[in-house]
Each structure stands twice: as structure tokens, then as C-alpha cells.
Amino acid sequence: MPLNVAQKLIQDHLVSGEMIPGEEIGLKIDQTLTQDATGTMVMLELEAMGIDKVKTEVSAQYVDHNLIQDDHRNPDDHLFLRSAAQKFGVHYSMPGNGVSHPVHMQELSIPGKTLLGSDSHTCANGCMGMLAMGAGGIDVTMAMAGEPYYIHMPRVMGVKLTGKMPDWVSAKDVILEMLRRHTVKGGVGRIIEYYGPGLDDLSAMDRHVIANMGAELGATTSVFPSDEEVKRFMETQGRADEWVELKADEGAEYDDHDEINLSELVPLIAKPTSPDNVVPVEEIAGEEIYQSYIGSSANPGYRDFAVAAEIVKGKQIANGISFDINPTSRLLLQQLVENKHIASLLSSGARLHQAGCNGCIGMGQAPATDQNSLRTTPRNFPGRSGTKEDKVFLCSPEIAAASALTGVITDPRTLDMDYPEIPEAAAIKTNEMLEAPPEDTSSVEIVKGPNVSAIPDFDPIEDNFDMPVLLKMADNISTDEILAGGSRVLPFRSNIPKISTFVFEGIDENYTERAEGKRDAGGHMVVAGNNYGQGSSREHAALAPRYLGLKVVLVKDFARIHLQNLINFGILPLTFENPADHEKIDEGDVIEFRNVHQAIQEGNTFTIRLKDSGEEITVRHSMTKRHLELMLAGGIINWAKQRQ
């Protein structure tokens, strides 16, 4: 039977289950990726489980999120992460080396391998012919311990690319077109596989841009073939000997289909406050802006910065504009310096920041109040920028640079200049950006600062309980709204009691206080609509509410990674059998749960009762037998300890 690329990758790593869409499968994981906002918990979890050394072919710990050192917390955690990486046999990337996804692509990605990362944009490495997936930190911990990673077999959506991108259109417009067509839910339960003659017009880094924002589609991952372009990229990194070809078989089929003629694309922009709120930029041209920001894992390549530099070369940006340049790796920064692109950007009035995630995660470069911010980042969920009432637009580097010059949202096709031709930069090999762990790790001591606290213990969910609804929400609640990122919050990533004080603060500033008041009385639940938990993979969005006593989440449907995170920490995830029943529950209602242990093991549906009215509501769970074991143990850490 002819196989597509996604099926080949899965088949080569399948350890349990069958490749039937919807069936649970277990996958062998070759590589893992952790970053500092999530890796602290991964290292604490490895320690709690008594793991001596990771079992993967290679694992890497990056420091790219929490770079601001305005007190001891971040640098203390950097020391903790480096010592833990050495202890557990993990490669370490120090602050300043750059964003995990492009650095991993440059240094470690290998076609045909699986990669699991505790960052939702790990899927970016699908550009290299890898099965690269984001997951919660505890799932990555288990993979590092040698356990399979379990998912429901996705459908594979084949997207045929034809034609050639016109001038002023780039890879960001390809993925924005996908979001315009399919929305932030369009990839749920799917792997997006790109193929066709249009691939010839996309470099490896262009493909990275597209694969990266597959996370915004809700996709399990995105994959590209490993072809001559991937080979050429690996040659520039001095890793040609690791390249293998990986293409779909002749006659391979896909479960779902779409086609994009690159020649017909126009410059696109996503308006606030969702990545799928996409329109042609010409429709909103002329709106004033305060900020134009270039960088992040969504536009991390040399061309992305060089084209902006050529657009502003010899010119001055508009008065009052904050033109923020966030290089994505040390290697990239060296190339931009050597080719004088940094000089062009700075002389135009740009602000240069260190290589890292920075403003993409609200770690600096927050926009002014009630001002428009254009960004090449992957997300514009409310408040993610670090400004509570932000107005963030997602766009290409071409739009960002053109708008910086004019001070208003600008269609770059209207500039009085030819589209810049960007020659490929000469290869530069940095001096071992990743620090390899020592061969003998037995004498390594893990360094813990005062901000590092132990993971709390959690009891299993009870069999019979009454649960108050502390919060009722609408659709598309993101993990940034459940627990914000940014410089106020993320420094407490290794301190669960402290970081829990920020839970749901943008939705209800009194939530933490109210939750603490219910915790000793048995806890609470929350209710929401569709696509609950979209966005970041950070498990703190489950762990911190769990610490506050969250026991049940009842919604219309879940985003994939957050659903698994809830199960991993023993929070019962339920959906409405009839979505209209969402309207029957109000904040403050008390709901009766009876014989829960038996109910969830005997079937996928059972009834709950509103205590005051006596009305019954049918709810559903999608947990597998393995998930039920985790739930009844009180979470995956308890389950792992019981197996020892």
C-alpha cells in the first residue's frame, strides 16, 4: 500500500495500536526538546521519578523564554537547568543561543526521526521531514524516560502546493491563507502534509514558517518531505551525512484534501485577537500603528530579517514607531552582521534585542495601551503580548517593514521599490551552540535556587462529590488566558504555589481567592465552550489550577495538548453530549457527581445533576483505558510512582 510521509513516519515508530484514524497509537520518540518555561518542571519530574539518565537518542534543553534577569529567579533557574541537563544526559543551550525551534533545526533535526517537545511550536521541525509534535512537559518527561508517546491516530490532510509566490508574498502568507480557510480548529485531529510542485519555491526555513503555525490550526503536527532542499540546508549546517530522503510513495492517498496555488496569494494579515481573523492587508491599509516587530519562531530565517533590512535600507522609519528586531539565533545574528543587514536596520531606527522568544511570549517589547502592534509572531491571543488590552496583528516581515516606514498598516506592494532579491548567506558554523552532557553524570549535583519548589502531591478524584462551578466561559479560551506568560508570571514557572496566583486573572481577577476558598471544601470546576485550552503546551495551565483545587473541566470540546495535560494531572475532562446544555449551567451552580469511578470505566457517557433544579445533563469523556489509569491514580506522576 503506498504511504504518504506522515504514515511512513508513524509506521516506522509505531509501538502499539493501528494506523486507523481515531485509534490510540503509541509512538517511539527519538528526540526531545524542552525550553526554560516548561523544562524546569520536566527536570523536577525526572528527579521525582528517580530517572538516572534519559533514554532518547538525543534530548536538548534550551533557554529562550525567560531571558530577562531583573532579579535572581531567571538566572537561578538557568543554573538549575544546566546542572539538571548535565545530570540527566541532556544537551544544553545557554541564554543568547536563540529560540529552540530554529536552533534545533540547525543543530539536531534529522529527517525520518520523531521529536517531542514541551512547546506547542515544536511542530516547526516538521519542515525537515520529521514527525515533530508539541506536548505537555510530563509527556516529554515520560518520553525522556523511554516511554512511548500516545496520541489518537490523526487523519492526514494533504495540501497540494502549486505555482510560485508573487513578489511581496512569502511563506507567512501561505500559513495565514490556511488559517483563513480552516480556522484555529481546522487542524484538530489532523496532520497537515504539504506536497506538490510548489515546494520548489519554498526553502527549508520557509517550510519552517508554515509548519510552525500548524499549531495555530490546532493540528497534531505538519510535515514536509525530506527532499533536495532539506539536503541543501543540512549541507549548509555541516550535517549532510545525516540527511536521508523521505517522500510520499507514488499513488499515496490522504484522508482530506486542499490545494493552494501560490501564484494567487496576496499579502495577508491576521487582525486581533485570533490567528484566523485573516484578511488581505489592502483591506485595512492606512490604520495607524505604534509597533512593528520582526522575529520569533514563526519567522526565524535569514531571509525574514534580510528582506526587512533591504526594505528599510537607506530610509528612516516613521516618527514614533517602535521597530523591534528580535533575532532568533546566534548563528542568524552573525550572518546578519556579516552581510550588514543589522547596520541597515539600526540606521533606519530599529531597536535590536537579544536572540530569544522575547515579545512573542510577552517577555519584553509589550505594546503601548490601546495601540496597534504588527508582529511576525505566531499568536495574537488577548494579552499574550504583555499588554492586557493589546491589539496585535500577525503579518509577514514584508508588511511589518513596509508599515514601519509609513507608520500605518501598509500593503508592501505599494512601496516605490522593486521586491528585494535576497542572496543566500554564506554558511557559518558557530562554536558548538549546544553543550553536550558529560559521559559520567553520577557526580553531578543539581543546583536549586530558592525559587525552585517541589511538585505538589495530588489525591485521586473522589467517587461521589458536589462541585461548584467557579467560572463559566465562552469559546476559544487559550492557555494564555488560563495562565498568562510574560515577565510577571513565567519567572515563577518552578514555583507552583506562586504561579497559581495568576490563574484566570484576565477573565476573573478574583478567581484565585475564590478558588482557595473552595479548595479545602473539596475543590471546584469550570465550564467553557469550544476549543478550550488552545495555544501553548505549557502544563502550568493545568498544574496551577489543579493546585487551586480544580477537579473537573466541562466544555464543548478541548484542544489536543491541553486535554492531555488535564488528564496528566488528574483533572476530569468532560464534554457536553448535547452542546446546547452549556446554556443550562450558570456560574455558581453546584453539580452532583455520583459513582464517577464506575461511570467513566463502564462507558463514555454518564449523567450529572444540577443540585438546585435536579435537572440531569449527559456528559462524555474520551479517555482511553490508559488515560483512566492515570485519572484514577491522581495523575501521571502518581501512576509512575506506583509502577516502580
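Helix axes are lines fitted to C-alpha atoms over the stretch in contact, and the angles between N-to-C directions run from 0 to 180 degrees. With that in hand, welcome to a short tour of this model: a pair of packed helices, a buried arginine, a closed barrel and a buried leucine. The model is predicted, so local features need pLDDT of at least 70 and side-chain atom pairs count only at pLDDT 80 or more, while totals for chains, interfaces and linings use all residues. Residues are numbered from 1 along each chain as its sequence is written, and side-chain values use heavy atoms, leaving out hydrogens and water.

**Helices H6 and H7**
- Helix H6 (residues 171-182) packs with H7 at an angle of about 25°, and their axes are 8 Å apart.
- H6 is therefore roughly parallel to H7 (angles under 35 degrees count as roughly parallel).
- Ala171, Lys172, Val174 and Ile175 of H6 make the contact with Asp206, Val209 and Ile210 of H7 (contact means heavy atoms within 4.5 Å).
- Helices here are DSSP runs of H or I with at least four residues, strands are E runs of at least two, and both are numbered from the N terminus.

**Arg207, a residue of H7**
- Arg207 sits in helix H7, which spans residues 204-212.
- Arg207 counts as buried because its relative accessibility is 1% (buried means under 20% relative accessible area, with a 1.4 Å probe and protein chains only).
- A polar atom of the Arg207 side chain lies 3.2 Å from the backbone oxygen of Leu199.
- Beyond its neighbours within four places in sequence, Arg207 is in contact with residues including Cys127, Leu199, Phe224 and Asp227.

**The barrel**
- The 7 strands of a closed barrel run E21-E22-E23-E24-E27-E26-E25, with mixed pairing (two strands pair if DSSP finds at least two bridges between them).
- On average, neighbouring strands of this sheet are turned by 40° against each other, direction ignored.
- Strand E21 (residues 465-472) pairs with strand E22 (residues 524-527) in the parallel sense over 3 bridges, and Val469 stands opposite Met525 in E22.
- Helix H15 (residues 511-519) lies across E21, E22 and strand E23 (550-555), running at about 175° to E21.

**Leu543**
- Leu543 belongs to helix H16 (residues 540-547), and Leu543 is buried, with a relative accessible area of 0%.
- Leaving aside neighbours within four places in sequence, Leu543 is in contact with Met41, Phe458, Ile496 and Phe569.
- Gly89 is 454 residues from Leu543 along the chain, and their C-alpha atoms are separated by 26 Å.

Notes: Buried < 20%, exposed > 50% of the residue type's maximum accessible area, 1.4 Å probe, protein only. Polar contact = N/O pair within 3.5 Å; in protein donor to acceptor, adjacent residues only side chain to side chain. Parallel < 35°, antiparallel > 145°, perpendicular 65-115°, else oblique.
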